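Thanks for sharing this one. Here are my notes, set out point by point so that you can follow them with the model open.

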Amino acid sequence: MPSMAVKPEDDHSTTEGAINLPYQMNNRRVAFGDLDLPIQVGFWRSVGSSQNGFFTECFMDECAHAAGMDPYKFRRTKLENHPRFAKVLDTVAEMSNWNTPLPEGKFRGIALHKSFGSIVGEVAEITKLGDKEFSIDKYYCAIDCGTYVNPDIIEAQMQGGIIFGLSAALYGEITWDQGAVQQYNFPQYDMVRMDVSPVVEVHIMENDEYPSGVGEPGTPPAAPALVNALFAATGVRERALPLVKQGYKFV
């Protein structure tokens, strides 16, 4: 909606989820470009945090690898000033038995992100079946959403947010031909189905903090947790989505 667009310097939604990272860093720069598109675009579930969670948490894994450190421990050393973040990260690492070696052929990836006031940590556990063939076995998810009322709703939202994020990471793409969208329903725009969907285990942190959102925060860590697990399995850093376009198959 060009008539409603704000100036780039006033655009907080584009950098949402990247501009206020909790990690202690000596040097940081966040920037974005203003692109004039021939099509109209809108918000996606979790808004700016959707893509920025993928960018930032995959980059944190790259930093951990460059430093020769475990991805969980690398993040943990940079959260001394943010105990709520650290507690969520510790919880999801404990849930997934992060410090216990996995059987041969299995790999993990971790991601941590805050959106809509809630902090969510996720660990993806996958099995390598072939060169680029994987099963997504399980997702561990810890959420700090402050004071909560209905844990069943929170668990369902985390499960749905992860499946939504995985659907985009694996398959999500919109293409155009002569001004028309080529994907008009699920036969062309696939989503994670029962035979690919992982088991999702959710833990809700207990505290007396102000309540925050649960409808969208489960989505941003989903893609980076998976891509970080794929890096652990293959040594290849994927920076483009969807993954099926990069030759991956998920069963």
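The points below go through two helices, the cysteines, a surface patch and the salt bridges.

1. A word on the source before anything else: this is a predicted model. Please keep that in mind with every value below, since each is computed from a predicted model.

2. Let's begin with helix α3, which covers residues 83-95 and so has 13 residues by the DSSP run. From its first C-alpha to its last it reaches 18 Å, close to the 18 Å expected at 1.5 Å a residue. Its buried residues are Phe85, Ala86, Val88, Leu89, Thr91, Val92, Ala93 and Met95. These buried residues pack against α2 (71-76), β1 (106-115), β2 (118-128), β3 (133-144) and β6 (199-204). Just after the helix, Asn97 takes a positive phi of about 55 degrees.

3. Helix α5 (residues 222-234) makes a good companion to look at. Its 13 residues should span 18 Å at 1.5 Å a residue, and the end C-alpha atoms are 19 Å apart, which agrees. The helix is mostly covered, with eleven of its 13 residues buried. Among them are Pro224, Leu226, Val227, Asn228, Leu230 and Phe231. Gly235 follows α5 and has a positive phi, near 75 degrees.

4. Now to the cysteines: how many disulfides are there? The count comes to zero. For Cys63, the closest cysteine sulfur is in Cys58, 11 Å away, and that is too far for a bond. Cys145 has its closest cysteine sulfur in Cys141, at 10 Å, again too far for a bond. As for their surroundings, Cys63 counts as partly exposed because its relative accessibility is 23%, whereas Cys145, at 1%, counts as buried.

5. Do have a look at the nonpolar surface patch of about 630 Å², made by Leu35, Leu37, Ile39, Val41, Ile174, Trp176 and Val181. Val41 sits in the segment before α1 (48-67). This valine counts as exposed because its relative accessibility is 53%, and the cut-off for exposed is over 50%.

6. The structure holds eleven salt bridges. One of interest joins the side chains of Glu62 and Arg239, at 3.0 Å from N to O. Glu62 lies in helix α1 and Arg239 in the loop between α5 and β7 (249-250), so the pair ties together parts that are 177 residues apart in sequence. Glu62 is partly exposed at 24% relative accessibility, while Arg239 is exposed at 59%.

7. Arg84 and Glu209 also meet in a salt bridge, at 3.7 Å from N to O. This pair, too, links distant parts of the chain: Arg84 is in helix α3 and Glu209 in the loop between β6 and α5, 125 residues apart. Arg84 counts as partly exposed at 29% relative accessibility, and Glu209 is partly exposed with a relative accessible area of 37%.

8. Two further items on charged side chains. Arg193 forms a salt bridge with Asp190, where the closest N and O atoms are 2.9 Å apart. Arg193 is partly exposed at 47% relative accessibility, and Asp190 is partly exposed at 26%. Elsewhere, Glu57, Asp61, Arg75 and Arg237 are linked in a network of salt bridges.

Methods. Residues are numbered from 1 along each chain as its sequence is written. This is a predicted model: local features need pLDDT of at least 70, side-chain atom pairs count only at pLDDT 80 or more; totals for chains, interfaces and linings use all residues. Side-chain values use heavy atoms; hydrogens and water are left out. Helices (H or I, at least four residues) and strands (E, at least two) are DSSP runs, numbered from the N terminus. The expected span of a helix is 1.5 Å times one less than its number of residues. Buried means under 20% relative accessible area, exposed over 50%, partly exposed in between (1.4 Å probe, protein chains only). Contact means heavy atoms within 4.5 Å. A disulfide is a pair of cysteine sulfur atoms within 2.5 Å. Patches are made of residues with over 30% relative accessible area and no salt bridge: like charges are joined within 9 Å, nonpolar side chains (Val, Leu, Ile, Met, Phe, Trp, Tyr) within 5 Å. Accessible areas come from the Shrake-Rupley method with a 1.4 Å probe; for residues, only the protein chains shown count as cover. A salt bridge is a side-chain nitrogen of Lys or Arg within 4 Å of a carboxyl oxygen of Asp or Glu.
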